[in-house]
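User: Please take me through this model and explain the reason behind each label. I would like to see the values set against the cut-offs.

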Amino acid sequence: MRIGHGYDVHRLVRGRRCVLCGVEIPFELGPDGHSDADVPVHALMDAMLGAAAMGDIGRLFPDTDDAYKDADSIMLLREVVGRLHDRGMRVSNADITIIAQRPKLRPYIDAMCVRLADALGIEPERVNVKATTEEGLGFTGALEGIAAHAVVLLNE
Ligand code: MG
């Protein structure tokens, strides 16, 4: 077994789609970034790469590379899954926490788990997504950004 942790933050801006865990959520703000800026998926990929001692997504998918402009992060996640498989590793389970004051994420959590499990090639019961606010405090409370943490276990 190997354990990994990932963390990511993206600024919230107007005029961007709000895609979290591959699920598009109707909201007047969206995470800004080079790719689709799917914050929890970025945290998840970093947790997987961390567990595998394979660096981070910045190294794998540089934001200076136009190939990743507006990239679908679920496709990048599939790529990471493939690289882990090449080294004989697969995700046993993943636990993700999204920190956002708004939008309300509860209605989308089940769809997020299904989407991530599909990309990871594991059962949805092995994926947990939860959301919390920070009680109006800090940058998430001010709707300046969304943060996410992820922890994964890999089987070798
Ligand atoms: Mg990111």
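User: What is the spacing in sequence of the donor residues of the magnesium ion?

Analyst: The pattern is D-x1-H-x31-H. Please keep in mind that this is a predicted model, in which local features need pLDDT of at least 70, side-chain atom pairs count only at pLDDT 80 or more, and totals for chains, interfaces and linings use all residues. Residues are numbered from 1 along each chain as its sequence is written, and side-chain values use heavy atoms, with hydrogens and water left out.

User: What makes Asp8, His10 and His42 donors of the magnesium ion?

Analyst: A donor is an N, O or S atom within 2.8 Å of the metal (3.2 Å for Na, K and Ca). Asp8 (OD), His10 (NE2) and His42 (ND1) lie 2.2 to 2.3 Å from the ion, so they qualify. Sites may look incomplete, because water is not among the atoms. Asp8 sits in strand β1 (residues 2-14) and His42 in helix α1 (residues 39-51), 34 residues apart, and this pair links distant parts of the chain. The element names refer to DSSP runs numbered from the N terminus (helices are H or I with at least four residues, strands are E with at least two).

User: Why are Asp8 and His42 called buried?

Analyst: Buried means under 20% relative accessible area, exposed means over 50%, and partly exposed is in between (1.4 Å probe, protein chains only). Asp8 has 16% and His42 has 6%, so both count as buried.

User: What lines the largest pocket, and how is a pocket recognised?

Analyst: On a 1 Å grid over the protein atoms alone, a pocket is an open set of points with protein on both sides within 12 Å along at least five of seven lines, whereas a cavity is a set where a 1.4 Å probe fits but cannot get out; lining residues have an atom within 4 Å of a point. Points are joined across faces, edges and corners, and the volume is the space filled by probe spheres set on them. The largest pocket has a volume of about 240 Å³. Of its 14 lining residues, Ser35, His42, Ile57, Phe61 and Asp63 are the closest to its centre. Elements that give two or more residues to this lining are β1, α1 and α2.

User: Which residues line the largest cavity, and how do they divide by class?

Analyst: The cavity has a volume of about 30 Å³, and its lining consists of Met48, Val81, Leu84, His85, Met89, Arg90, Val91 and Leu120. Ala, Val, Leu, Ile, Met, Phe, Trp, Tyr, Cys and Pro count as nonpolar, Asp, Glu, Lys and Arg as charged, and the others, Gly among them, as polar. That gives six nonpolar residues, one polar and one charged. Helix α3 supplies the largest share, three residues.

User: Why is the pair of Phe61 and Tyr68 called edge-to-face?

Analyst: Rings of Phe, Tyr and Trp (its six-membered ring) pair if their centres lie within 6.5 Å; planes under 30 degrees apart are stacked, over 60 edge-to-face, and the rest tilted. Here the centres are 5.1 Å apart and the planes are at 70 degrees, so the edge-to-face label applies. Both Phe61 and Tyr68 are buried.

User: What makes a set of residues a nonpolar core, and which members touch the most others here?

Analyst: The members are buried Ala, Val, Leu, Ile, Met, Phe, Trp, Tyr and Cys residues joined through side-chain atoms within 4.5 Å. In the largest core, with 52 residues, Leu44, Met48, Leu77, Met112, Leu116 and Val129 touch the most other members. Helix α1 gives the most to this core, nine residues.

User: How do Ala37 and Asp70 compare in phi and in exposure?

Analyst: Most residues other than glycine have a negative phi, and most peptide bonds are trans. Ala37, in the loop between β4 (29-31) and α1, has a positive phi of about 60 degrees. Asp70, in the loop between α2 and α3, has a positive phi near 55 degrees. Ala37 is at 0% relative accessibility and therefore buried, whereas Asp70, at 48%, is partly exposed.

User: Which residues does a cis peptide bond join?

Analyst: Arg102 and Pro103, with omega at about -5 degrees. Pro103 is in the loop between β5 and α4, and Pro103 is also one of the residues lining the second largest pocket.
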